[in-house]
Amino acid sequence: MNLAALRAFVGKEVRHILRDRQSLTILLLMPLVQVVLFGFALRSDVRSVRVVVVDPSPDFATRALRQRLAATDRFQVVEVSAAVAQVEPLFRAGRADIAVIFEPAFGERVGAGETARLLLAVDASDPNSGTTMLTYARGVIAAQEAEWSAARGAVRIQVETRMRYNPTLESVNLFVPGLIALVLTLVCALMTAISLSREKERGTLEVLLVSPLRPAQIIVGKVLPYLGLALANVLTALLAAWLVFRVPFRGSVLLLLGASMLYSVVSLGIGVLVASRTSSQRAAMLTALLATMLPSTLLSGMIFPIASLPAPLLALSHVVPARWFIVIARGVMLKGAGIAHLWLELLVLTVMMVVLLAAAARSFKPRLAA
């Protein structure tokens with residue numbers, strides 16, 4: 001074996017890797033980011049459970065239970081109402097996770113030693129989180145029941161449960177809306193970044209840039225085919241969800257298609273921006289994976305509940321477009337939510353679209369010329 005030739009070849013490969021600083025940085029950074037994100041995201045516990053309390057006749061017993069819920073590190077009482085009608089809008093808008101509904105004269109029954117009843121209604125669009133939240137709530141109620149029994153004698157609280165939007169707790173109802181976001185991210189962000197960076201390496205984009213076309217027109221011409229492909233993917237995914245997996249669809253098809261196109265344009269903007277900021281096809285692919293696929297899987301609520309994330313990652317999740325789109329997809333498909341309930345998510349995606357497209361158009365030509 002010619003060891004001298006081997007050493008020279010290995011040295012050449014090492015210098016080649018060190019010369020491509022973008023790829024080297026990403027290859028060293030990606031494993032660290034994966035370890036940190038998976039370490040924090042792979043948790044089954046749920047915190048900051050948002051509770052709406054329906055208390056038609058407030059008394060010592062209902063106030064004691066409300067205070068006990070608020071005193072834990074699991075629950076956050078977001079609203080107290082006298083009418084059950086307030087629960088549905090909060091669930092559809094995604095501002096409440098569980099409802100505690102007391103029967104009238106709850107405290108009188110507790111004081112008289114009779115059976116007092118309450119209803120726990122849980123948003124089960126995420127069946128795993130829904131089951132966990134129900135267990136937490138039952139634990140708090142059981143602890144209060146034991147405390148009253150020790151002080152007053154036998155006290156019985158009868159807890160009825162209702163799992164909303166996914167009563168059979170089918171996990172496919174959780175994953176399919178999220179998979180639509182993942183597919184759109186793959187087609188629009190990743191493939192656009194790879195396609196544009198490949199043409200940069202071949203030198204064909206420079207030919208376009210010296211043509212009468214403006215950079216914004218070149219971007220539009222490049223991404224429009226992918227937008228059409230994204231629409232086709234959404235339609236086939238929805239058809240498969242309905243025919244194969246029997247996922248319910250309770251909302252407006254047009255609203256979901258419009259939101260899908262909005263999210264697709266956001267992803268296209270990310271892909272164009274990545275291509276304009278990287279120097280090679282490999283760097284573009286790795287950067288796109290790090291910037292889109294990984295956050296879309298771990299920080300969007302597609303698989304793991306956002307409420308279980310620590311504060312820094314919870315704050316970071318707000319800039320992940322998939323987080324907002326998945327709320328829209330689940331809201332439309334499982335809850336029948338409309339624009340009145342999802343306007344904030346649509347507004348956030350619109351702002352992201354404008355900012356990303358403006359940044360991509362601004363950096364496209366200078367980066368190619370550099």
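Arg246 lies in the loop that links α9 (215-243) to α10, in what is a predicted model. The phi angle of Arg246 is near 60°, a positive value in a residue other than glycine, and Arg246 is exposed, with a relative accessible area of 59%. A second case of this kind is Ala105, whose phi is likewise a positive value near 60° in a residue other than glycine. Ala105 sits in the loop between β3 (98-102) and α5 (106-111), and its relative accessibility of 26% makes it count as partly exposed. As background to both cases, most residues other than glycine have a negative phi.

For the protein chain as a whole, the model contains 14 helices and five strands, and buried residues account for 46% of the 370 residues. Among the contacts between residues at least 6 apart in sequence, 78% join residues at least 24 apart. The average pLDDT is 82, with 83% of the residues scoring at least 70. Over residues 366-370, however, pLDDT stays under 50, and for this stretch the model has seven contacts beyond four places in sequence. Where pLDDT is low, the predicted coordinates should not be read in detail.

Three helix pairs, involving α7, α10, α11 and α13, can be set side by side.

| Helix pair | Angle between axes | Axis separation |
|---|---|---|
| α10 (253-277) and α13 (321-335) | about 170° | 10 Å |
| α10 and α11 (281-298) | roughly 145° | within 9 Å |
| α7 (172-202) and α11 | roughly 165° | within 8 Å |

The angle of about 170° between α10 and α13 makes α10 roughly antiparallel to α13. On the α10 side this contact is formed by Leu255, Leu256, Ala259, Ser260, Tyr263, Val266 and Ile270, which meet Pro321, Ala322, Phe325, Ile328, Ala329, Val332 and Met333 of α13. By class, the residues of this contact divide into 13 nonpolar, one polar and no charged.

With α11, α10 makes a right-handed crossing. Here Tyr263, Ile270 and Val274 of α10 make the contact with Ala284, Thr287, Ala288, Thr292 and Ser296 of α11, and the residues involved divide into five nonpolar, three polar and no charged. Tyr263 and Ile270 are thus among the α10 residues that take part both in the contact with α13 and in the contact with α11.

The helix α11 also packs with α7, the crossing being right-handed, and at roughly 165° between the axes the two helices are therefore roughly antiparallel to each other. From α7, the residues Leu182, Thr185, Leu186, Ala189, Leu190, Ala193, Ile194, Ser197, Arg198 and Glu201 meet Gln281, Ala284, Met285, Ala288, Leu289, Thr292, Met293, Ser296 and Thr297 of α11. This contact has 11 nonpolar, six polar and two charged residues. On α11, Ala284, Ala288, Thr292 and Ser296 appear in the contact with α7 and also in the contact with α10.

One further loop position brings α11 into view again, namely Val320, which is placed between α12 (311-316) and α13. Is Val320 buried or exposed? Its relative accessibility is 7%, so Val320 counts as buried, the cut-off being under 20%. Leaving aside residues up to four places away in sequence, Val320 touches Pro295, Ser296, Leu299 and Met352. Val320 and Ala291 are 29 residues apart in sequence, while their C-alpha atoms are 9.1 Å apart in space.

Definitions and conventions
Residues are numbered from 1 along each chain as its sequence is written. This is a predicted model: local features need pLDDT of at least 70, side-chain atom pairs count only at pLDDT 80 or more; totals for chains, interfaces and linings use all residues. Side-chain values use heavy atoms; hydrogens and water are left out. Axes are lines fitted to C-alpha atoms, for helices over the stretch in contact, and angles run from 0 to 180 degrees between N-to-C directions. Helices (H or I, at least four residues) and strands (E, at least two) are DSSP runs, numbered from the N terminus. Angles under 35 degrees count as roughly parallel, over 145 as roughly antiparallel, 65 to 115 as roughly perpendicular and the rest as oblique. Contact means heavy atoms within 4.5 Å. Ala, Val, Leu, Ile, Met, Phe, Trp, Tyr, Cys and Pro count as nonpolar, Asp, Glu, Lys and Arg as charged, and the others, Gly among them, as polar. A crossing is left-handed if the near helix is turned anticlockwise from the far one by less than a right angle, and right-handed if clockwise. pLDDT is the predictor's confidence in each residue, from 0 to 100. Buried means under 20% relative accessible area, exposed over 50%, partly exposed in between (1.4 Å probe, protein chains only).
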